[in-house]
Amino acid sequence: MMTAYDTNMSYLNRGLIALSVFLAAALQIQCDLYATSDYLGLRINIADLLVPVAGAGIFLSLMLKQSSWPQFTIAHGWAWIAGLTLVMTLSLVRGEWTQWGFLNKYCGWLVLLSLFLWGAWLNTNAPAVFVKRFLQIMAYTGIAIMGVGMIALFLRDSGVLPANGLFGYPLAGLMANRNAYALFVCALSILLSLFHLKGQDLVPIWLLRAMWIFLPLCHVLIGSRAGWICQILIIPGLFIYGVRESFRSILAPLLAGLALVALLSAMGQVVISRGNQLRLFSQMTEVVQDPNLNYEPREIKKKYKVRSDIYRVQAARDAFELWKTSPILGAGLGSFLVFQEQKYGKIIDLIDNSMLWLLTETGLLGLGAFLGFYMVCLYRLARNPDPLSISIAGILLVFGIFSLFHEILYTRFIWFLLGLGMASKGVIADKGIEPVRINSQSL
């Protein structure tokens with residue numbers, strides 16, 4: 001239904017808001033492209049293709065004074081953005097020029113920044129009712145993608161679908177990475193559940209309960225240990241907002257979902273963890289304590305079942321070695337891959353930890369800047385009682401935990417939601433209309 005606000009909105013702004021509808025689904029789909037023997041590939045999100053169009057339209061709208069600049073709820077918001085970009089630029093010029101450093105890291109940062117500003121612009125200028133509609137579209141498409149991925153992985157593990165090509169693990173086109181996929185599922189459970197517990201449902205209650213029933217099976221099929229840990233931590237957090245309702249809408253369906261996983265496992269229909277996910281927790285402990293790690297496949301196969309843990313821990317040790325060469329300003333974007341080539345004669349693996357990657361390639365300066373921005377945003381969001389702010393605060397906490405185990409900084413939907421949450425409602429300059437601030441009442 002059109003509101004008085006909508007009838008006064010320019011056609012340009014209406015078009016930009018309509019484009020955001022496609023973004024709700026596009027943010028959830030990405031894949032890896034252009035991987036070669038000497039280049040690890042470029043991770044492309046479908047939303048990346050919309051950024052230039054939206055950027056040009058938003059710039060034109062601002063120049064024509066048909067919309068307001070993003071108005072942040074944190075002090076010195078634009079200074080934070082400029083500071084983080086300066087850190088990334090300094091790290092780019094300090095390191096050896098590499099395709100990986102420029103395209104994947106620096107250009108990737110500009111994409112993240114664009115999505116952050118797009119989200120902030122949208123919440124500053126769009127009607128509050130549209131922001132909720134956007135979140136509803138994201139919720140429905142998210143559940144659909146979760147369901148499609150779960151069915152495909154189940155059929156793949158059962159031998160019905162081939163274990164390569166489109167259905168190779170992780171599923172091509174569904175977050176492109178098991179940990180990004182698990183992070184998205186965790187974020188979806190927070191968003192839907194908190195809006196429900198705050199009395200502002202994004203989906204019908206039966207669909208929310210169905211999601212929680214199938215959530216354990218989804219995590220088992222994805223096989224992300226960080227996803228398991230975070231989902232377990234999310235559950236008591238949700239109970240803070242109402243024990244009785246949380247039991248009916250979350251815990252009871254979750255218990256049914258755990259029973260379903262147990263039944264399927266007993267029937268031999270679920271391959272728990274690509275081999276044995278529970279065994280992987282103890283293997284990681286063994287790997288961390290092993291002083292004689294190396295990248296030799298034969299040596300790895302003798303002692304450990306999964307090679308990725310060895311690569312991850314050894315890469316972390318190499319990262320600390322590289323960081324010591326330039327602890328304050330870092331070794332530069334893309335420098336770790338150059339370091340590996342010089343040390344081993346080939347590129348083996350990435351630094352699979354966002355904090356450690358920032359420390360190694362941007363130094364204490366870069367890590368401090370990003371951590372400072374993270375803490376300021378988290379503090380501001382946690383202080384607001386509306387369901388949007390609380391949900392994004394919870395998602396940001398989960399994002400922080402994932403970052404300790406994986407390089408997850410470039411997950412697109414996190415940055416768009418963060419921009420959405422860090423903006424306040426402004427004034428459409430050429431109409432003088434004061435939109436309603438998004439909160440539990442306006443939703």
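**Salt bridges in close-up**

A search of the whole structure, a predicted model, finds four salt bridges. Three of these pairings are described in the views below.

**View 1. Asp48 and Arg412 meet in a salt bridge.** Their side chains approach to 2.9 Å, N to O. Asp48 sits in helix H3 (residues 46–63) and Arg412 in helix H17 (residues 412–422), so the contact ties together parts that are 364 residues apart in sequence. Asp48 has 12% relative accessibility and counts as buried. Arg412, at 5%, also counts as buried. Both values fall under the 20% cut-off for a buried residue.

**View 2. Asp318 forms a salt bridge with Lys343.** The closest N and O atoms are 3.0 Å apart. Asp318 belongs to helix H13 (residues 307–323), and Lys343 to helix H14 (residues 335–344), so the pair ties together parts 25 residues apart in sequence. Asp318 is buried, with a relative accessible area of 1%. Lys343 is partly exposed, at 38%.

**View 3. Lys343 forms a salt bridge with Glu321.** Here the closest N and O atoms lie 2.9 Å apart. Lys343 is in helix H14 and Glu321 in helix H13, so this pair ties together parts that are 22 residues apart in sequence. Glu321 is partly exposed, with a relative accessible area of 39%.

**View 4. Asp318, Glu321 and Lys343 form one network.** The salt bridges that join these residues share partners. Lys343 pairs with Asp318 and with Glu321. Within the network, Asp318 is buried, whereas Lys343 and Glu321 are partly exposed.

Definitions and conventions. Residues are numbered from 1 along each chain as its sequence is written. This is a predicted model: local features need pLDDT of at least 70, side-chain atom pairs count only at pLDDT 80 or more; totals for chains, interfaces and linings use all residues. Side-chain values use heavy atoms; hydrogens and water are left out. Helices (H or I, at least four residues) and strands (E, at least two) are DSSP runs, numbered from the N terminus. Buried means under 20% relative accessible area, exposed over 50%, partly exposed in between (1.4 Å probe, protein chains only).
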